[in-house]
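Biologist: Hi, could you walk me through this model? I have a few quick things to ask.
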Amino acid sequence: MTVTTYNTSIPVAQRYEQARVQVSLVWNSRDERSKNSEKLSLLQEFLWTNGGPRSNLHVIHSIWANFQTSTSNIIFGHKWRHIGGEADLWERFGGVDICLDPYSFGQANTLSFNSLLHKLIKYVPRGSTVVDLYSGAGVIGLAIAASRKCRSVRCVEINKMSKLSFEKSASRLPPNLGCTITWHNTDASAEPIHWLEGSSVAIVDPPRKGLHPSVINALQRVALSERKAFKAKSSLTKVKDEKRPWILRAREPAVHVDSTIMEESSGIWPETLIYISCGWDSFKKDCKSLISNEAWHLENAHAFNFFPGTDSIEVLAIFRRDSGIAQKKTKTKTKTKAKAKAKTKAKKKKAKPSKV
């Protein structure tokens with residue numbers, strides 16, 4: 001069930017009381033033509049009669065059916081059917097109208113998520129080039145594009161079904177943003193260096209298990225290695241391109257919102273990393289990896305209680321990259337060694353007996 005408080009016809013203070021619920025029925029069948037489809041129709045009619053617009057208490061926004069025959073712990077199958085109510089569920093996040101279909105990820109606690117989003121936006125410098133990994137339907141990326149006058153925002157998401165929600169949400173953005181916004185359907189962990197290049201700000205919102213090792217490795221390389229190292233394609237990348245040509249296709253924007261021509265951005269790498277975590281243990285592990293080489297620094301962190309009554313918290317962490325720290329560290333070590341050698345020579349000279 002997904003709750004929406006979006007209702008522009010009434011004052012904001014009253015919208016929560018007038019909220020509606022989008023219901024998704026996960027059905028153990030291949031499709032709506034299966035043997036037990038009659039039971040699905042009866043359940044849909046019962047819900048709509050008792051919670052629809054003609055009932056005494058109108059609480060249901062829409063009803064969807066998801067067909068899932070897998071015996072794994074994956075909740076949703078790949079087949080969806082809209083069987084009642086409004087087709088689109090809208091919510092307001094970060095000052096932007098967002099369409100969330102049931103097959104696109106959305107935070108359960110919309111009030112806390114809005115608080116997190118408003119805090120996050122302040123850490124994105126105006127005029128940035130942004131990449132949003134694990135972007136879902138692009139909620140964070142679209143909110144940033146609308147409020148920070150970014151030059152470009154790229155959203156990267158593995159769930160291809162989120163594309164439709166992104167398109168609907170992007171259609172409501174002001175036409176004069178002056179920002180190139182693109183949505184790409186691919187696995188961010190497959191070639192993370194490609195997505196990091198050209199961005200001054202990187203945003204990651206990984207699943208509960210945390211960042212993929214390849215993403216951690218790419219962020220560490222960006223922070224410490226010479227920029228020239230990224231310009232040449234590695235043999236590993238070439239193999240991936242040959243074996244998985246869909247990665248190449250994903251490099252072309254699946255959705256291109258603005259016609260603004262992007263400036264050449266090669267040689268630009270993230271100076272700011274914004275990490276949204278829903279798993280405390282995985283965040284501690286990833287944080288330790290990111291700051292271990294002293295190139296990424298944890299500048300600030302904020303905790304949000306998305307699930308009151310539990311010990312589960314969301315962490316918004318801000319990391320900054322000091323591009324000159326490696327050189328500074330090397331220079332400091334060199335100076336220290338030089339001073340130590342000079343002192344040793346002075347001591348030896350002083351201790352040596354003079355000839356008569």
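**A chat about the model**

Modeller: Happy to. Keep in mind that this is a predicted model.

Biologist: Sure. Where does UniProt place the feature "active site"?

Modeller: The UniProt record puts it at C278, and that entry is unreviewed. In the model, C278 sits in the loop between strand 12 (272–277) and helix 11 (280–291).

Biologist: And is C278 buried or exposed?

Modeller: C278 is buried, because its relative accessible area is 16% and the cut-off for buried is under 20%.

Biologist: Which residues does C278 touch?

Modeller: Leaving aside residues up to four places away in sequence, C278 touches P206, P207, R208, I313 and E314.

Biologist: Nice. Switching to cysteines in general: how many disulfides are there?

Modeller: A search of the whole structure gives 0 disulfides. A disulfide is a covalent bond between the sulfur atoms of two cysteines.

Biologist: Why is there no bond for C150?

Modeller: Because the closest cysteine sulfur, in C179, is 5.5 Å from the sulfur of C150, which is too far for a bond. The cut-off is within 2.5 Å.

Biologist: What about C155?

Modeller: For C155 the closest cysteine sulfur is also in C179, at 9.4 Å, so that is too far for a bond. C155 is buried, with a relative accessible area of 0%, and C150 is buried at 1%.

Biologist: Okay, backbone next. Which residue that is not a glycine has a positive phi?

Modeller: Y134 is one of them, with a phi of about 55 degrees. Most residues other than glycine have a negative phi. Y134 is in the loop between strand 7 (129–133) and helix 4 (139–147).

Biologist: And what is the phi of K149?

Modeller: K149 is not a glycine either, and its phi is positive at about 50 degrees. You'll find K149 in the loop between helix 4 and strand 8 (152–157).

Biologist: Is K149 buried or exposed?

Modeller: K149 is exposed: its relative accessible area is 63%.

Biologist: Helix 4 keeps coming up. At what angle do helix 3 and helix 4 pack?

Modeller: Helix 3 (residues 110–121) packs with helix 4 at an angle of about 50 degrees, and their axes are 10 Å apart. The two helices are therefore oblique to each other, and helix 3 passes helix 4 in a right-handed crossing.

Biologist: Which residues make the contact?

Modeller: Helix 3 contributes F113, L117, L120 and I121, while helix 4 contributes V139, I140, A143, I144 and S147.

Biologist: Great, thanks!

Terms used:
Residues numbered from 1 in each chain as written. Predicted model: local features only at pLDDT ≥ 70, side-chain atom pairs only at ≥ 80, totals over all residues. Heavy atoms only, no water. UniProt positions renumbered as here; feature names shortened; annotations may be inferred. Helix = DSSP H or I, 4+ residues; strand = E, 2+ residues; numbered from the N terminus. Buried < 20%, exposed > 50% of the residue type's maximum accessible area, 1.4 Å probe, protein only. Contact = heavy atoms within 4.5 Å. Axes fitted to C-alpha atoms, helices over the stretch in contact; angles between N-to-C directions. Parallel < 35°, antiparallel > 145°, perpendicular 65-115°, else oblique. Left-handed = near helix turned anticlockwise from the far one by under 90°.
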